[in-house]
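Work through the exercises below with the sequence and the model at hand, and compare each step with the solution that follows it.

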Amino acid sequence: MTTKAPYTAPRKPSTMLAVLTVVMAIIVVWYAGAIHLNSPQIIDRYEKKELDWSFTQLAVDSWNMKRAVLPSPHQVLVELKKTIIDKKVTSKRSLVYHASVTLSSTLLGFVLGAGLGIAFAVGIVYVQTLDKSLMPWIITSQTIPILALAPMIIVVFGALGITGVLPKSLISMYLCFFPVTVGMVKGLRSPQPMLVDLLNTYSASKWQVFWRLRLPSAVPFLFASLKVAIALSLVGAIVAELPTGGQAGLGSRLLSGSYYGQTNLIWAALIVAAVVSASLVSLVGVVERKVCLRLAGGQEVSHEH
Amino acid sequence: MNSATADNPIDHVVEVNEVCLDFHTKDGVVSALSDIDLNIKAGEFVSFIGPSGCGKTTLMRVLADLEKPTSGSVLVNGTSPEEARKNRAYGYVFQAPALLPWRTVQDNVLLPLEIMGYDKHRQQKLAHEYLQLVNLSGFENKYPWQLSGGMQQRVSIARALSVEPQLLFMDEPFGALDEITRDHLNDQLLRLWQQTQKTVVFVTHSIPEAVFLSSRIVVMSPRPGRIIDIIDSDLPVDRTLDIRESPEFLAIAHRVRAGLAAGHSYDD
Amino acid sequence: MNINSFRSASGIALLLAFLALLLPWSQTLGEATINAWQQLEWLALVVTVAICALVSMALQKQEQRAAWLVTALTLLALWQAMNIVHQVDLAGRAELGFWSLVVALGFCVWAAMSFLAAIKLFQGKAQAFINLFIPVLLGVWLIALWELFTVGLAIPHVLLPAPSIVGEAIMSSLPTLAADFKQTVIKAVVPGFLLGNLVGFIVAVLADKIPFLRRGLLPVGNLVSAIPIVGIAPIMVMWFGFDWQSKVAVVVIMTFFPMLVNTITGLGESHAIEKDLMRSYGATYWQSLFKLRLPNAMPFVFNALKINSTLALIGAIVAEFFGTPIVGMGFRISTEVGRMNIEMVWASIAVAALVGSLFYGLLALLERRVTFWHASLRKVHH
C-alpha cells in the first residue's frame with residue numbers, strides 16, 4: 001500500500017462478451033443434446049445395415065438427421081431460410097405470412113387489453129367501492145388458465161359465426177389487461193402524498209390532479225407493464241391458434257409441425273416467435289424512451305421503481 | 001501536525017501516513033483524500049469535521065477497510081485495516097441505522113454476535129446489556145420500522161457496542177435526528193466514552209457536537225480532501241451540555257469555525 | 001366514494017323497481033303478457049328491491065348496522081330472483097320488466113358494496129372480515145347475473161351453460177374430475193413447480209456468485225421469459241412421451257426462467273450500507289448471503305412463485321393438448337369441446353380456477369408470513 005500507482009478498479013469483462021459466452025454455451029449444449037437424443041435412432045439404423053461406425057460419423061449423422069428428435073441449430077437455420085427467404089411472403093408456407101397473421105391479433109389484443117387495464121386501474125384508484133371489491137377478482141381471473149380455455153373460446157365463437165382475428169385477440173386481451181391494471185394502480189398511487197397535498201393547496205380538481213400528477217407519475221410503471229403485456233399478448237395469440245389446426249398463424253404451424261413430426265418446423269416457428277416477441281418488447285422500449293424524453297422536456301431521464 | 005511523532009507508536013490505535021485516494025469518475029479524477037497524516041492514541045475521542053466533500057467519511061471508510069487508499073499506508077492496531085476488520089477490531093455506526101427490517105430489535109443487536117460466533121448465552125447477555133445502556137429495554141421484540149428514527153439509531157449504536165470493540169467508528173450517527181434527541185444522545189455517548197475508555201473516531205458537520213464530544217478535532221477541507229487543522233480540546237472530563245455556553249467551549253468552537261472558513265472557498 | 005354516489009345508485013334502483021311494476025315481465029305462448037303484480041313471488045321481489053333502495057336512501061350515516069341491513073336486503077332479493085327465474089313463465093321468456101328489475105338489483109348490490117366500503121373500523125379482525133366480504137358480494141352478484149341471463153334468455157348450453165348446470169356437472173362427475181386433478185395437478189403441476197423453482201433458485205444463487213455468468217444469464221433469461229415457452233410443449237411430448245413426464249418437463253422449463261431472473265434481481269437488492277455493515281463485521285460470503293441478501297431477495301422470490309403458480313397450471317394443461325393418456329384436465333377440456341359437452345368443460349375450468357386460486361392464495365399467505373417486514377406489507381399500527 002505504499003506504492004504510488006493510481007488505483008484502478010479490476011477490469012470487468014463486458015456484458016456483450018458474457019452474453020455471447022452464454023449463447024455459445026447454449027449452442028454447444030444444443031449440439032451435444034442433438035447427438036444424445038438423435039443417436040439411438042441412428043445407431044439402430046447402423047445396426048440394421050450392419051455398418052461399422054465411428055463417433056465422428058455418428059455426430060455428423062445425428063446433426064443432419066431428417067425428422068430429428070432434436071434438430072441441430074444449422075438445420076433450424078436452413079429451415080428458417082427456406083420458410084422466410086425462399087418462400088413468397090404470401091405463400092401459406094412462409095413463416096413471414098404466418099407471423100403477420102399472429103402479429104395482427106397480437107396487436108389488436110394488446111390495444112384492447114391495455115385499454116381495459118388502464119380503465120380498471122383508473123376505476124380502482126378513483127372509486128372506493130371498486131378499490132375494495134374488484135382487485136381480488138382481477139387476480140382470480142388470472143388463476144383461471146385462460147390459455148387452456150382458448151380452444152373452447154375459439155370453438156364457441158366459431159359456432160356463433162365469429163372467426164378470424166377477434167376471438168384470438170380476446171384471449172390476448174384477457175392475458176394483457178392484468179399486468180397493465182396492476183402496474184397502473186401502483187403507478188397512479190406512486191406520487192408522494194406531499195405532491196398531492198401541494199396540488200390540493202392550489203385547489204386543483206380531481207382531473208387536474210390526474211392529468212398533471214398521477215398520469216405522468218404512472219408512465220414508467222405503465223411502460224414496464226406494457227412490456228410484459230405485449231409478450232403475453234403474443235403467447236395468447238399463438239395458443240389461440242393451436243385449435244384452429246391447418247389454418248394460419250405461428251400457433252397452427254407449431255401444431256402441424258407436431259402432427260407431422262416436422263421438428264425443424266416447430267423450432268423454426270418457435271424462433272420466429274421469439275424474435276417477434278423480442279422485437280415487440282424493444283419497440284415498446286423505444287416508445288417508452290420517446291415518451292419519457294417528452295415528459296422530461298427533452299432531457300434523458302432514468303427512472304427507478 | 002507532527003505533535004504525535006514524539007509519542008510511542010505502540011500507543012497508536014490508528015496511524016495514517018501520506019494517504020491519498022483518487023476516485024475515477026466520468027468527469028475525470030477526483031482527489032478525495034490528499035496527503036493525510038494522522039495518529040490516534042488509545043482512549044482518544046477524535047472528530048473529523050468539515051463541509052460535505054472534504055473526505056471525512058472517506059477517511060473513516062479507509063480506516064475501516066471499506067475503501068482502499070490509492071497510496072500511502074494505514075495501520076489499525078498495528079495491522080493493516082483489512083486484518084483489523086477481519087480480527088473484528090472495531091464497531092461501525094453508519095449515517096443511517098441500517099437495521100434489517102425482518103429482524104426484531106433484539107435480533108438486530110444479535111446480528112454481529114451471530115456472525116462472530118459468540119455462544120448463545122453470551123449473545124443474549126450482551127444484547128440485553130447494551131440495549132439497556134441505550135435505554136431501549138422493553139423494545140426487544142419490536143421491529144425497527146415500528147420505532148422512531150432516534151430509537152432506530154440507538155439500536156444501531158447498541159449493535160456496534162455489543163461486540164465490545166475497543167475502537168468505535170461513528171459516521172454522522174446523529175445527523176438525521178432532531179436537535180433535542182441529538183443533545184440527549186450526545187450526552188449519553190460522552191458518558192459511555194468516559195466509562196468505557198474506548199477510542200472513538202467520529203464524523204460530524206456540527207461544530208457544537210464536535211467540540212462537546214471530542215478530545216481532539218480534525219478540521220478538513222474539500223478539493224482536494226485534506227486536513228487543515230488539528231485542535232486539542234481540554235474541556236473537563238465530567239462536562240455536561242451546559243458547558244456549551246462557557247467561554248472555553250466558545251473559544252474552541254471559534255477556532256474550529258476559523259479553520260473551516262480558511263479552508264473553504266465560497267466560490268464553488 | 002361518498003354518500004351521494006350510493007344515494008344516487010339507490011335512487012336509480014328505486015326508479016327501475018317502479019318501472020318493473022309497469023313493464024311486462026313475461027310473454028306467454030300466445031299473446032298475453034304477465035305483469036309483476038299478477039304473481040305473488042314476483043311482486044315480493046319488487047317490494048324487496050324497493051325497500052332495499054328506500055332504506056339505503058334513508059340511512060346516510062356511515063354506520064355498520066345500516067350497511068348490513070342494506071346488504072341483507074340485497075342478498076334476500078338476489079335469492080328471490082334466483083328462485084323465480086327458473087319458473088316456466090320466466091325461463092327463456094323474460095321481458096323488459098324483469099330485466100329492469102335485474103338492473104335495479106345491480107344498483108342495490110353497488111349501494112350495498114359502497115355502504116360496506118365506507119366502514120372504517122379500528123379492530124383489525126372485523127375490518128379484515130369486511131374487506132373479504134365486499135369482493136365476495138361482488139362475486140355472488142356476478143354469478144347470479146350469469147345465472148339470470150343464461151336462464152332468462154335460454155342461452156344454449158353449448159354457448160354458455162348456467163352456473164347451476166355447471167354445478168350439477170361437477171357433482172355428477174366428481175370421480176372423473178378427481179382423476180383429472182390427480183393426473184394434472186398432483187403428477188405434473190406440483191412436481192414441475194417445485195423442481196423448476198428449485199433449479200431456477202439454485203442456478204440464480206450460483207450465477208450471482210460468478211458475476212460473469214450473471215451478466216450473461218440475465219439478458220438471455222429476460223429474453224427467454226418473453227418467449228412463448230408453451231410452444232415447447234409439443235417438443236416435450238415428443239421427447240418424454242404422453243404421460244406426466246412431458247408435462248413436468250414443460251412446467252419445469254416454464255417456471256425456471258421467471259425464478260432465475262427474479263432471484264438474480266432480488267439478490268442485487270441489498271443496499272450499499274447494508275453490505276458495508278456485513279463487511280465491517282468481516283462476514284463471510286455465506287453469512288452475508290443467508291443473513292442479508294437472501295432475506296432481501298424474498299419479495300422477488302415470492303413474485304416469481306406467484307407468477308409461476310399460474311404458469312405451471314397453464315403449462316401442464318396446454319401440454320396435454322399435444323398428447324396425453326385419456327385422463328387429465330387438458331385432455332378433458334379438449335375432448336369435451338370436441339363432443340360439444342360444454343358443461344363438462346366448464347366443470348373442468350371451475351376446478352382449474354379453484355385450484356389456481358387456492359394455490360395463489362396459499363402463496364400470498366406464505367408471502368405475508370415471510371416478508372411481513374417489506375414496506376408493501378408492514379403494518380405500523382400494531
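Two residues are in contact if their C-beta atoms, placed from the backbone, lie within 7 Å. The model is a predicted one, in which local features need pLDDT of at least 70, side-chain atom pairs count only at pLDDT 80 or more, and totals for chains, interfaces and linings use all residues. Residues are numbered from 1 along each chain as its sequence is written, while chains are lettered from A and ligands numbered from 1 in the order in which they are written.

**Exercise 1.** Describe the overall build of chain B.

Step 1. Chain B holds eight helices and nine strands, where helices (H or I, at least four residues) and strands (E, at least two) are DSSP runs numbered from the N terminus.

Step 2. The radius of gyration of chain B, taken over C-alpha atoms, is 19 Å, close to the 18 Å that the globule rule gives for 268 residues, so chain B is as compact as a globular protein of that length. The rule itself is 2.2 Å times the number of residues to the power 0.38.

Step 3. Of the contacts in chain B with a separation of 6 or more, 68% are between residues 24 or more positions apart.

**Exercise 2.** Place strand β7 of chain B (residues 199–204) in its surroundings.

Step 1. Six of the six residues of β7(B) are buried, a residue being buried if 20 or more other C-beta atoms lie within 10 Å of its own, exposed if 12 or fewer, and partly exposed in between, with C-beta atoms placed from the backbone.

Step 2. B:Thr199, B:Val201 and B:Val203 point one way from the strand, and B:Val200, B:Phe202 and B:Thr204 the other way.

Step 3. Strands pair if DSSP finds at least two bridges between them. Strand β3 (residues 45–49) of chain B runs parallel to β7(B) and is joined to it by five bridges, with B:Ile49 opposite B:Thr204. Strand β6 (residues 167–171) of chain B also pairs with β7(B) in the parallel sense over five bridges, and B:Leu167 has B:Thr199 as its bridge partner.

Step 4. Together with helix α6 (residues 179–196) of chain B, β6(B) and β7(B) make a right-handed β-α-β unit; the term applies if, with the strands pointing away from the viewer, the path from the first strand over the helix to the second runs clockwise.

**Exercise 3.** Which element gives the most to the side of chain C that touches chain A?

Step 1. The contact joins 47 residues of chain C to 46 residues of chain A.

Step 2. The element sought is α8(C), with eight residues.
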